[in-house]
Amino acid sequence: MHYVRRLKDLTGKDDLETKMMQMRRKSIALCPECYVKTKHDK
């Protein structure tokens with residue numbers, strides 16, 4: 001799972017954050033490979 005603390009922390013800088021903003025969710029399920037990619041992008 002990928003989490004953010006607050007919805008206002010989402011910037012929409014990538015497709016993942018944009019999707020979370022559209023769904024108005026602070027968490028989203030990811031496969032292990034995608035999860036690793038998000039951790040290394042930041």
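Which residue, with a positive phi, follows α1? The residue is R24, and its phi is near 55°. The legends below refer to a predicted model.

**View 1. R24 in the loop after helix α1.** R24 lies in the loop that runs between α1 and β2 (27–28). Most residues other than glycine have a negative phi, and most peptide bonds are trans. R24 is not a glycine, yet its phi is positive, near 55°. With a relative accessible area of 69%, R24 is exposed.

**View 2. The buried and exposed faces of helix α1.** L16, E17 and M20 are the buried residues of α1. They lie on the same side of the helix, because the arc they cover around the axis is only 95°. An α-helix has 3.6 residues a turn, so residues three or four places apart point the same way. On the face of α1 turned away from the buried side are the exposed residues D15 and Q22.

**View 3. E17, a buried residue of α1, and its link to G12.** E17 sits in helix α1, which spans residues 15–23. Its relative accessibility is 5%, so E17 counts as buried; the cut-off for buried is under 20%. The side chain of E17 reaches the backbone nitrogen of G12, at 3.1 Å.

**View 4. The largest nonpolar core and the surroundings of M20.** Five residues make up the largest nonpolar core: V4, L10, L16, M20 and I28. In soluble globular proteins, nonpolar side chains tend to be buried together. Two members of this core, L16 and M20, are also among the buried residues of α1. When neighbours within four places in sequence are left aside, M20 is in contact with H2, V4, L10, R25, K26, S27 and I28. Among these contacts, V4, L10 and I28 also belong to the core.

**View 5. The salt bridge between R6 and D9.** The structure has one salt bridge. It joins R6 to D9, and the closest N and O atoms of the pair are 3.2 Å apart. Side chains of opposite charge can pair when their charged atoms come close. R6 counts as partly exposed, with a relative accessibility of 45%. D9 also counts as partly exposed, at 34% relative accessibility.

**View 6. The cysteines C31 and C34, neither of them in a disulfide.** A disulfide is a covalent bond between the sulfur atoms of two cysteines. The structure holds zero disulfides. C31 is in no disulfide, and the nearest cysteine sulfur, that of C34, is 3.4 Å away. For C34, which is likewise in no disulfide, the nearest cysteine sulfur is that of C31, at 3.4 Å. The pair is not counted because a disulfide requires sulfur atoms within 2.5 Å. C31 counts as partly exposed at 37% relative accessibility, and C34 counts as partly exposed at 33%.

**View 7. P32 of helix α2 and M1.** P32 is found in helix α2, made up of residues 32–41. With a relative accessible area of 67%, P32 is exposed. P32 and M1 are 31 residues apart along the chain, and their C-alpha atoms are separated by 9.1 Å.

Conventions: Residues numbered from 1 in each chain as written. Predicted model: local features only at pLDDT ≥ 70, side-chain atom pairs only at ≥ 80, totals over all residues. Heavy atoms only, no water. Helix = DSSP H or I, 4+ residues; strand = E, 2+ residues; numbered from the N terminus. Buried < 20%, exposed > 50% of the residue type's maximum accessible area, 1.4 Å probe, protein only. Polar contact = N/O pair within 3.5 Å; in protein donor to acceptor, adjacent residues only side chain to side chain. Core = buried A, V, L, I, M, F, W, Y, C linked by side-chain atoms within 4.5 Å. Contact = heavy atoms within 4.5 Å. Arc of directions from axis to C-beta. Salt bridge = Lys/Arg side-chain N within 4 Å of Asp/Glu carboxyl O.
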